[in-house]
Amino acid sequence: MALHQHRQPGMSVAGWRKAATATASPDGTADELTAPLAVARIAATTRLLTSFTFLWAFADKAFGWGYATPSGKGWIDGGSPTKGFLSHVAAGPLEGTFHAWAGAAWADWAFMLGLLGIGIALAGGVALRAAAAAGTVMMALMWAAEWPPARHVSDGTLSMSTNPLVDYHVLYAAVLVMLAVIGAGRVWGLSTAWRSLPLVRRNRWLL
């Protein structure tokens, strides 16, 4: 990928751009010289937008801002972040399992901490591998709860699924993995400082 071309691990953005300029052909265009930095900035923008998606979902469910969660029904008001969604699962082989999980304290805490942790990691550009792993598991469970392959739900009505395999949960998971693989925390993030911590150096999965 162009994102890693001519780049050494830990190289700063300035060094990355300098290396790209130095190794480009004399007749290279301006677009070719700035492409690596442009890609890095686009990746950083994608990371921040995705972080906002997770953090907004957490805040709305926690405080009941009147969007997906009605006012007064937030987590802090005694509401359950999982009960409404999981109790209405109406298709798929895990339908009964999700109904059993709906409203359980452990499910609420796991879901909310997952949203918050993934959102913070993406916002800071740190622990992107762990965020990608956790986010992929979360998206897989939510995909299974909606079960896009079903043409009909339990009561026989149409499921209204727009795609039997690839929906927005799959896309979110793919984005999270991509951000972790390309190291999207180096630009507009704390990745460089994070990577220098002794704990992170000893545990590469924290990158």
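I read the fold pattern along the sequence first and got α-α-α-α-α-α-α-α-α. The count for the chain is 9 helices and 0 strands. I note here that the model is predicted.

Next I looked up totals for the chain. Of its 207 residues, 34% count as buried. The exposed area comes to about 11800 Å², and carbon and sulfur atoms supply 67% of that area. For contacts between residues at least 6 apart in sequence, I find that 61% join residues at least 24 apart.

I then turned to helix α5, residues 105-124. Does its length agree with its residue count, and what span should 20 residues give at 1.5 Å a residue? The expected span is 28 Å, and the end C-alpha atoms of α5 lie 28 Å apart, so the two agree. I listed the buried residues of α5 as A107, D108, F111, M112, G114, L115, I118, G119, A121, L122 and G124. After α5 comes G125, and I recorded its phi as positive, near 70 degrees.

Last, I checked the surface for nonpolar patches. One patch of about 720 Å² is made by F52, W56, F63, W65, Y67 and I76. I picked W56 from this group and placed it in helix α2, which covers residues 30-63. Is W56 buried, exposed or partly exposed? Its relative accessibility is 34%, so I enter W56 as partly exposed. The class for such a value lies between the cut-offs of under 20% for buried and over 50% for exposed.

Note on methods: Residues are numbered from 1 along each chain as its sequence is written. This is a predicted model: local features need pLDDT of at least 70, side-chain atom pairs count only at pLDDT 80 or more; totals for chains, interfaces and linings use all residues. Side-chain values use heavy atoms; hydrogens and water are left out. Patches are made of residues with over 30% relative accessible area and no salt bridge: like charges are joined within 9 Å, nonpolar side chains (Val, Leu, Ile, Met, Phe, Trp, Tyr) within 5 Å. Accessible areas come from the Shrake-Rupley method with a 1.4 Å probe; for residues, only the protein chains shown count as cover. A salt bridge is a side-chain nitrogen of Lys or Arg within 4 Å of a carboxyl oxygen of Asp or Glu. Helices (H or I, at least four residues) and strands (E, at least two) are DSSP runs, numbered from the N terminus. Buried means under 20% relative accessible area, exposed over 50%, partly exposed in between (1.4 Å probe, protein chains only). The expected span of a helix is 1.5 Å times one less than its number of residues. Contact means heavy atoms within 4.5 Å.
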